Amino acid sequence: MPLTAEQTAALIELLNAYVDARQRTVRVVVGLEEAIPELRDLVLIGTTARLGQEHLGTVAVIGPTRIQYQETINAVSYIAQLSGKIFQPPQ
């Protein structure tokens, strides 16, 4: 089901609040209902994608609190690192 503009804006605000562009590690946040009540029983696992020091964006998964944490953390970290390699200019 597609998100409304309001839901999209709330989700972007949530990502900006919890995944800091300066951090270098994967962040795990439980208790998202404090920010958005509809996200009760969900967890955010996210990090920043970078090219050197440049912030490319955010890689995140929002899933159930019963998610496979270690596998999801590894996947988010890998995709963030891969993003930096994909957007690296050819040498």
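Begin with the whole protein chain shown as a surface: about 6400 Å² is exposed, and carbon and sulfur atoms supply 55% of that area. The model on screen is predicted.

Next, switch to the C-alpha trace and orient the view along the principal axes, where the protein chain spans about 45 × 30 × 25 Å. Colouring by secondary structure brings out 2 helices and 3 strands. Followed along the sequence, these elements of the protein chain are arranged as α-β-β-β-α.

Colour the residues by relative accessibility: 30% of the 91 residues in the protein chain count as buried. If contacts are displayed for the protein chain, consider those with a separation of 6 or more; 44% of them join residues 24 or more positions apart.

Now select the charged side chains. The protein chain carries 7 positive and 9 negative ones, and 10 Å separates the centres of the two sets.

For a local view, select Gln 23. To place this residue, find α1 (5-18) and β1 (27-30); Gln 23 lies in the loop between them. Gln 23 has a relative accessibility of 16% and therefore counts as buried, the cut-off being under 20%.

Keep Gln 23 selected and add Thr 25. The side chain of Gln 23 reaches the backbone oxygen of Thr 25, at 2.9 Å.

Finally, extend the selection to Tyr 18, Gly 46, Thr 48 and Arg 50, which Gln 23 touches when residues up to four places away in sequence are not counted. With these residues displayed, the view holds the surroundings of a loop residue that is buried and whose side chain reaches the backbone oxygen of Thr 25.

How values were computed:
Residues are numbered from 1 along each chain as its sequence is written. This is a predicted model: local features need pLDDT of at least 70, side-chain atom pairs count only at pLDDT 80 or more; totals for chains, interfaces and linings use all residues. Side-chain values use heavy atoms; hydrogens and water are left out. Helices (H or I, at least four residues) and strands (E, at least two) are DSSP runs, numbered from the N terminus. Buried means under 20% relative accessible area, exposed over 50%, partly exposed in between (1.4 Å probe, protein chains only). A polar contact is a pair of N or O atoms within 3.5 Å; within protein, one must be able to donate a hydrogen and the other to accept it, and residues adjacent in sequence count only if both atoms are side-chain atoms. Contact means heavy atoms within 4.5 Å. Accessible areas come from the Shrake-Rupley method with a 1.4 Å probe; for residues, only the protein chains shown count as cover. Lys and Arg count as positive and Asp and Glu as negative; His and the chain ends are not counted. The place of a charge is taken as NZ of Lys, CZ of Arg, CG of Asp or CD of Glu.
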